[in-house]
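Reader: Hi! I'm new to reading protein models, and I'd love a close look at one part. Could you walk me through how a pair of helices packs together, and what lies around it?

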Amino acid sequence: MQVIEGNFRRPAPPWSGLRGLSQVLEAWRGGAVGSSLVLDRVLPAKEARYAPLPEGLAEPVRRALVGRGLQQLYLHQAEVFRRAQAGEHVVVATPTASGKSLAYNLPVMHIFARSEGARALYLFPTKALARDQEHSLRGFLSEAGLTHGAVTYDGDTPGDARRSARDRAGVLITNPDMLHTGILPHHAHWGRFFANLRYVVIDELHTYRGVFGAHLANVLRRLLRIAAFHGAAPQLLFSSATIGNPAEHASLLCGLPVSLVDESGAPTGPRHVVCYDPPVINAELGLRASAIKSAVRLASELIQAGVSTLIFGQSRNTVEVMLKYLRDALGDSAIDSGQVQAYRGGYLADTRRRIEEGLRSGAVKGVVATNALELGIDIGALDAVINVGYPGTMAGLWQRFGRAGRRQEPSLGLLVTTSAPLDQYFARDPELLMSAPVEEARIDPDNLEILLSHLKCAAFELPFEAGEAFGRVPPPAVGDALGFLTEHQVVQPVPGRNGKTVYHWSSDAYPANNVSLRSASFDNFVIIDVARTKTIAEMDFRSTHTMLHEQAIYQHDGEQYQVERLDYDNHKAYVRKVEPDYYTTALTHVRVSVLEEARSEWLPATGAGAPGLGLYTGLGDVNVVEKVVGYKKIKFHTHENLGYGDVDLPAIEKPTTAFWLTIPEALLSVIDVPRGVMLDALRGLLSAMHAVAAVGLMMDPRDLGQTLVDEPGVGAPAGPMAEARHFEPTMYLYDSVAGGSGLAPRLYEERETILRRAQRLIAGCPCEVGCPSCVGPVVGVSEPLHGRKALALRWLLVLGVEG
């Protein structure tokens, strides 16, 4: 509402509109929004459960706690301390904002008060999180009167600070990458630190899954091996958001038994859990109102009502588009544009810290973010969290919802569903959001390629003695691996003093530099505003191809810049501020070729009209080539397509693993329709398979890529069943992480189940010809009997797959 005075328009006074979360929710329920609320539940508040300060707690630490007004601990904090004092390795897995940091800090502070020389190592998955924790830990140490310093040691740490960290840091705060390349290979310079290492703290345990988790497990094997060499046996303390297997996962990471504390004593206020499914605007095509614009409208109403709000988007581009829309929507309100910010990877460190401080102080009323704010960076207490699209896992969804809540005050967790199949799966059965199990984190630390890489690093750090284990890898297996490395002249066996063979590193190479923990990683590109000759942001290598190609509209802090030149060799993008009415999105072509077929099997078709026919199923190593071939211009607000442009950048290759289905020509021709029409139906089926695989195997759909290859000689599987298959279409579901993270074998084992679930998803969708919620976007209007949906179901019927 606005007040008009003469020719001037001014914002309505704050008391004339909705105020507070409760009023906004009541207005939604009673208005047009209410008809699209498919879930509206309230989780009751929980009272705090306390335990007294431990009797044996060191007096300086006790005084610091009392000075902070803490006369008692939450139940889980006291339990972690008790188990740590008993010598156990512990993982605390409680909800967001439940005080996990204090739970692992207390044992560390206690041992510091007892031993001036004690040391601790803190591992965080990101630099931002490490810096955030450094500030709070230093304050705690100071209040306790402890002289042990806390120093962040990462790629941004100056040389003099690095020397200080080696000599005097009581707590060394770093990330797995720096530990892997900058500390362990130089452990001789850190002898005093490792000899006195009493605790290793690993925060955000749930983020260490897949390839990254497998790498970390081997880094921890190396760390514990080096600590033992220097005479130390540190205890490990883990903290995790809620996952399905925290103790098992922590134990697999460190190779030691880990006890679990998962009963939280922290209080929570009532949490409203709401799912908004945008209304259908084209029933024939199954198109719904834009989830982005719907979320912006709901967020603007919350912010104007004084409800501090965090909106999660699925990509950097989406975040910047929503920021622009949100600032436009609030343009005539009392909310200043500076009170609404974006937070994502690529922003410079000082920009991120300014936004974090604004959230803590309350100066920032709304923030649009990628999953960069999903982790435990301190941003104060917010009232509402909006997820634009299902984030891929139940663990991720509830981790985000946990960002909202001021102790006993009501909070809101709102999911705005998109037209994607996975989102619509939950929109049709929203109670699953309340009852579905939280996913388990999975890693394979004994993946041969990863294991060999870290054995090289370990041999460089310390010679191996015959009969030595490596974590949970038994001596015979380690011996075989060392024999392999000996054959390749990487290590050199020599007789030891005790008669045992000792394997010394013999290569000139520095192995850790050639092992990336997070798959392929190249130097970031810097983004330079040519008008100001100033660096405004940075971008990772892969994202540069889609967001910084020449003529792209790069969005930053709600403003638009056009990329005038991309200096690919020197990793620089030169941009100029513009005011277009559109943004750009890249068009990527994916090609998959099979490198080695590990397993294959004939899947017979049991439906009518296909006697003796079937398809080939396969599993193996593939090479995925992703190339940005063009871009399209999307008009702001209306999302009209305004045209296309070409992009000429090198392709990105990554070896990974895949599961595939190859369709023989005879099976393809059972249904008498043009080949192109049938292939389009198979793409729709592949889209449905991708969606149900994510739900059935409880994984993030972004971890899984998909493509259909139908080019002569491209992507043709090799192996015992490869004859005469060079012209037959193949549907691939491949692991998005270079090197693979174990998803493809699980898909192969569940292949028939995935086909059945895909059939149920497509058949159960209320659309007529197919829609984004089942078989993906349908171009044009098709007859129901010959549309993508109908043909996909007919083809499944030929296979014998029916509900």
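Author: Happy to! A helix axis here is a line fitted to C-alpha atoms over the stretch in contact, and the angle between two axes runs from 0 to 180 degrees between N-to-C directions. Keep in mind as we go that this is a predicted model.

Let's take helix 9 and helix 10, the latter covering residues 246-254. Their axes lie 7 Å apart and meet at an angle of about 55°. An angle that is neither under 35 degrees, nor over 145, nor from 65 to 115 counts as oblique, and helix 9 and helix 10 are therefore oblique to each other. On the side of helix 9, the contact is made by Gly 213, Leu 216, Ala 217, Leu 220 and Leu 224. Helix 10 brings Leu 252, Leu 253 and Cys 254 to it. Sorted by class, this contact has seven nonpolar residues, one polar residue and no charged ones.

Helix 9 has a second role to look at. The second largest pocket has a volume of about 980 Å³, and helix 9 (210-229) is among the elements that give two or more residues to its lining, as are strand 29 (582-604) and helix 22 (743-749). Helix 17 gives the most, with six residues. In total, 42 residues line this pocket, and Asn 447, Glu 449, Ile 450, Ala 738 and Gly 739 lie nearest its centre. The lining has 20 nonpolar, 15 polar and seven charged residues.

How far does the confidence go? The chain averages a pLDDT of 88, and 93% of the residues score at least 70. Over residues 720-726, however, pLDDT stays under 50. Where pLDDT is low, the predicted coordinates should not be read in detail.

Technical notes
Residues are numbered from 1 along each chain as its sequence is written. This is a predicted model: local features need pLDDT of at least 70, side-chain atom pairs count only at pLDDT 80 or more; totals for chains, interfaces and linings use all residues. Side-chain values use heavy atoms; hydrogens and water are left out. On a 1 Å grid over the protein atoms alone, a cavity is a set of points where a 1.4 Å probe fits but cannot get out, and a pocket is an open set with protein on both sides within 12 Å along at least five of seven lines; lining residues have an atom within 4 Å of a point. Grid points are joined across faces, edges and corners, and a volume is the space filled by probe spheres set on the points. Helices (H or I, at least four residues) and strands (E, at least two) are DSSP runs, numbered from the N terminus. Ala, Val, Leu, Ile, Met, Phe, Trp, Tyr, Cys and Pro count as nonpolar, Asp, Glu, Lys and Arg as charged, and the others, Gly among them, as polar. pLDDT is the predictor's confidence in each residue, from 0 to 100. Contact means heavy atoms within 4.5 Å.
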